[in-house]
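Q: Please take a close look at a single part of this model, the sheet, and set out how its strands are arranged, what packs on them and which side-chain pairs involve them. A connected account would be preferred to a list.

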Amino acid sequence: MICMKVRCRLRIEFKSEEEARCVNEALKIDNEGYISTKLNGKFIEAEIEASKIMSLLHTMDDFFSCLKEASEIFTQI
């Protein structure tokens, strides 16, 4: 049996390097084991890998929800 993987790479731009850093730090706890992220200036680069497309989509949905919340909190500070 062949084990296929699906992958998604995201590059998310923020208004500043500080915002990207703060949002990335806020997301690290939830990402562990599911998403790998790295900072590149004012960008967060994320890679998601799963064995099924639906798993990938669920992980992306969760990531975007958390990303939205963290970004909104940053802009309120």
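A: The account below begins with the sheet, continues with the helices and the salt bridges, and ends with the cysteines.

The model is a predicted one. Its sheet is open and consists of 3 strands in the order 1-3-2, with antiparallel pairing. Strand 1 (6-13) and strand 2 (35-40) are the edge strands, each of them pairing on one side only. From one strand to the next, the twist averages 15°. Between strand 2 and strand 3 (residues 43-50), the antiparallel pairing extends over 6 bridges. Within this part of the sheet, N40 stands opposite F43 of strand 3.

Two helices are to be considered together with these strands. Helix 1 (residues 17-31) lies across strand 2 and strand 3, and runs at about 165° to strand 2. Helix 2 (residues 53-76) also packs on the sheet, where it touches strand 1, strand 2 and strand 3. The direction of helix 2 makes about 20° with that of strand 1.

The side chains add a further set of links. In general, side chains of opposite charge can pair when their charged atoms come close. With a cut-off of 4 Å between a side-chain nitrogen of Lys or Arg and a carboxyl oxygen of Asp or Glu, the count comes to 8 salt bridges. One of the salt bridges joins the side chains of E45 and R11, at 3.1 Å from N to O. Because E45 lies in strand 3 and R11 in strand 1, this pair ties together parts that are 34 residues apart in sequence. The two partners fall into separate accessibility classes: E45 has 18% relative accessibility and therefore counts as buried, the limit being under 20%. R11, with a relative accessible area of 51%, is exposed, because that class begins over 50%.

Strand 3 takes part in another salt bridge through E49, whose side chain meets that of K5 at 3.8 Å, N to O. This pair links distant parts of the chain, since E49 is in strand 3 and K5 in the segment before strand 1, 44 residues apart. E49 counts as partly exposed at 37% relative accessibility, and K5 likewise counts as partly exposed, at 47%.

A salt bridge within helix 2 offers a local case. The side chains of K68 and E72 meet at 3.5 Å, N to O. Both residues lie in helix 2, 4 residues apart, which is about one turn of the helix. At 33% relative accessibility, E72 counts as partly exposed. Returning to the sheet, K5, R7 and E49 are joined into one network by salt bridges that share partners.

The cysteines complete the account. The count of disulfides comes to 0, the cut-off being a pair of cysteine sulfur atoms within 2.5 Å. C22 is in no disulfide, and its nearest cysteine sulfur, that of C66, is 16 Å away. With 28% relative accessibility, C22 counts as partly exposed. C66 is likewise in no disulfide; for C66 the nearest cysteine sulfur is that of C8, 16 Å away.

Definitions and conventions:
Residues are numbered from 1 along each chain as its sequence is written. This is a predicted model: local features need pLDDT of at least 70, side-chain atom pairs count only at pLDDT 80 or more; totals for chains, interfaces and linings use all residues. Side-chain values use heavy atoms; hydrogens and water are left out. Two strands pair if DSSP finds at least two bridges between them. Axes are lines fitted to C-alpha atoms, for helices over the stretch in contact, and angles run from 0 to 180 degrees between N-to-C directions. Contact means heavy atoms within 4.5 Å. Buried means under 20% relative accessible area, exposed over 50%, partly exposed in between (1.4 Å probe, protein chains only).
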